[in-house]
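Got the viewer open? Here's a short walk through the model, one selection at a time.

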Amino acid sequence: MQRTGPTIAVAGAGLRGRAYAARIRKAGAGRIVAVAEPDPARRARFAAEHGLAPERTFPGWREMAARGRPADGVIIATQDAEHAEPAIRFAGLGCHILLEKPMATSEADALRIVDAVERAGVMLAVCHVMRYTEYTRTFRRLIEDGRIGAPVSVQHLEPVGWWHHAHSYVRGNWRRADESGPMLMTKSCHDIDWLIHVMGEAPARVSSFGRLSHFRPEERPPGAADRCVDCAVEARCSYSATRLYLSCLGDPGRERWPLGAVTDDRTEAGVLRALREGPYGRCVYACDNDVVDHQVVNMEFPSGATGVFTMTAFSAAAPRQTRVFGTSGSLEGDGVRITVRDFVTGETEIVEPGVPPEGASDGRHDHDDDALADAFVAALAAGDPAPLNSGPRESLASHRVVWAAERARLDGAVIDLGPQSPPAKGTVHP
């Protein structure tokens, strides 16, 4: 039977693009009808997975756009620096857009995207996937319902994980601010957006501190080689690429990520070859990385509440941890369960919005990705942005907080953003 439902094209068939497309195919509510991907092997694999004819596969988003409107919606999962131009172009063609975060690598480009989608009258959803979980909905509702009185302060921790940081932000695609963006944007715009979402207001003032402390040439152990496969001290190194990637073999989830970014050859010989020849085999103290490995952001909200966000590489790869302190109670959450403390009764309540799927405890957000993909297809099918939890202006507002915090870190300043709360849901879409 021929599937019906909205049609969707994918620009960028890497991990993120493939994940969203796979969910859409599995759910059956929409149809993947085209792909643009510069890597021939990835492009061929994606086409086979979705039964795409050769004329519906393209070496890049420009070639796909040159053929006219490719689908009802487009998922843009290209590298960060290649977000703005395809978003603007496909909006002009009348496509609704699901845009991987960050929405752009500069504030000027983000504003260009917002202007383009508003001018075209199309929907734009940035992939703030953390908004789409039952945990988030419950956490926000507990605050809105006054269970802890008025929120006074919030602490939020993103434990990136030592090996995850080494994989993505020392050896990987997000290691340099000039190629993708600062760490606070490429990794933690999720978290700043989430804090704004659950607190119900955007910060009025921010400051920030952080630096690249450890993954530097000065920290290189004596006797370390440029590549882990040749290193005499590799067995004693926390960041051994050989140990990390060989340990992925035989585990389907870890073969998909992080190993999938390293090689498609799922054999020991294939992994070792990639580590000898490719970027993921480099010593973490001999890379060209420059993004921070730890950072804090201090926030003051218009209500007078204060907040601190901490990102650190030096942890297990684990779910975020949040504590909100109110005038009559407090909340503590770990991404799975929320502890509610009532100052009047002295009682505590454990709220479990849902048990995460197998494998979610390592900090990945696969289930959130599925929920976002479902919401995007539902919005296309209905011609209504209601299923989407944020729109272009709301995403722009949270991105601006991130850029302000990074300026504060670099300049040693307190940045005044003004007393602006995010637009109310339902007012942010064209």
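Two strands count as paired if DSSP finds at least two bridges between them. Keep that in mind and select V324, which sits opposite L331 of β12. This is a predicted model, so treat the tour as a look at a prediction.

**The hairpins**

Now widen the selection to the strands around that pair. β11 covers residues 321-326 and β12 covers residues 329-333; the two run antiparallel and are joined by four bridges. Together they make a hairpin, with two residues between the strands. Is β12 mostly covered or not? Mostly covered: four of its five residues are buried.

Carry on along the chain to β13, residues 338-342, which is antiparallel to β12 and linked to it by five bridges. To see one facing pair here, pick E332 and look across to T339 in β13. The hairpin of β12 and β13 has four residues between its strands, and G335 there takes a positive phi near 90 degrees.

**The whole sheet**

Time to zoom out. Which order do the strands of the open sheet follow? There are nine, arranged β14-β13-β12-β11-β7-β10-β9-β8-β15, with mixed pairing. Colour β14 (348-351) and β15 (415-416) to mark the edges, since each of these pairs on one side only.

Next, add helix α9, residues 189-199. α9 packs on the sheet and touches β7 (151-159), β9 (294-300), β10 (306-312) and β11, with its direction at about 155 degrees to that of β7.

Then bring in α15, which lies across β8, β9 and β15 and runs at about 60 degrees to β8. This helix takes in residues 392-411, 20 in total, and spans 28 Å from first C-alpha to last, close to the 28 Å expected at 1.5 Å a residue. Step just past its end and you meet G412, with a positive phi of about 65 degrees.

**Three single residues**

Select L98 in strand β5 (residues 96-99). Its relative accessibility is 0%, so L98 counts as buried. Show what surrounds it: beyond four places in sequence, the contacts of L98 include Y20, I75, C127, L372 and F376. For a distance to try, go C-alpha to C-alpha from L98 to G73: 7.5 Å in space, with their positions 25 residues apart in sequence.

Hop over to T186, part of helix α8 (residues 183-186). Buried or exposed? With 3% relative accessibility, T186 counts as buried. Setting aside residues up to four places away, T186 touches D80, K101, P102, Y169, W174, S180 and G181.

Finally, pick A225, in the loop between β8 (205-211) and α10 (241-246). A225 has a relative accessible area of 18%, and because buried means under 20%, A225 is buried too. Its contacts beyond four places in sequence are R220, D230, C231 and C283. Draw a line from the C-alpha of A225 to that of A110, 115 residues away along the chain, and you get 41 Å.

**Where to be careful**

Last stop: colour by confidence. The chain averages a pLDDT of 93, and 93% of its residues reach 70 or more. Over residues 358-365, though, pLDDT is below 50, and that stretch has 17 contacts in the model beyond near neighbours in sequence. Residues 421-430 also stay under 50, with 29 contacts beyond four places in sequence. Predicted coordinates should not be read in detail where pLDDT is low.

Definitions and conventions:
Residues are numbered from 1 along each chain as its sequence is written. This is a predicted model: local features need pLDDT of at least 70, side-chain atom pairs count only at pLDDT 80 or more; totals for chains, interfaces and linings use all residues. Side-chain values use heavy atoms; hydrogens and water are left out. Buried means under 20% relative accessible area, exposed over 50%, partly exposed in between (1.4 Å probe, protein chains only). Contact means heavy atoms within 4.5 Å. pLDDT is the predictor's confidence in each residue, from 0 to 100. The expected span of a helix is 1.5 Å times one less than its number of residues. Axes are lines fitted to C-alpha atoms, for helices over the stretch in contact, and angles run from 0 to 180 degrees between N-to-C directions.
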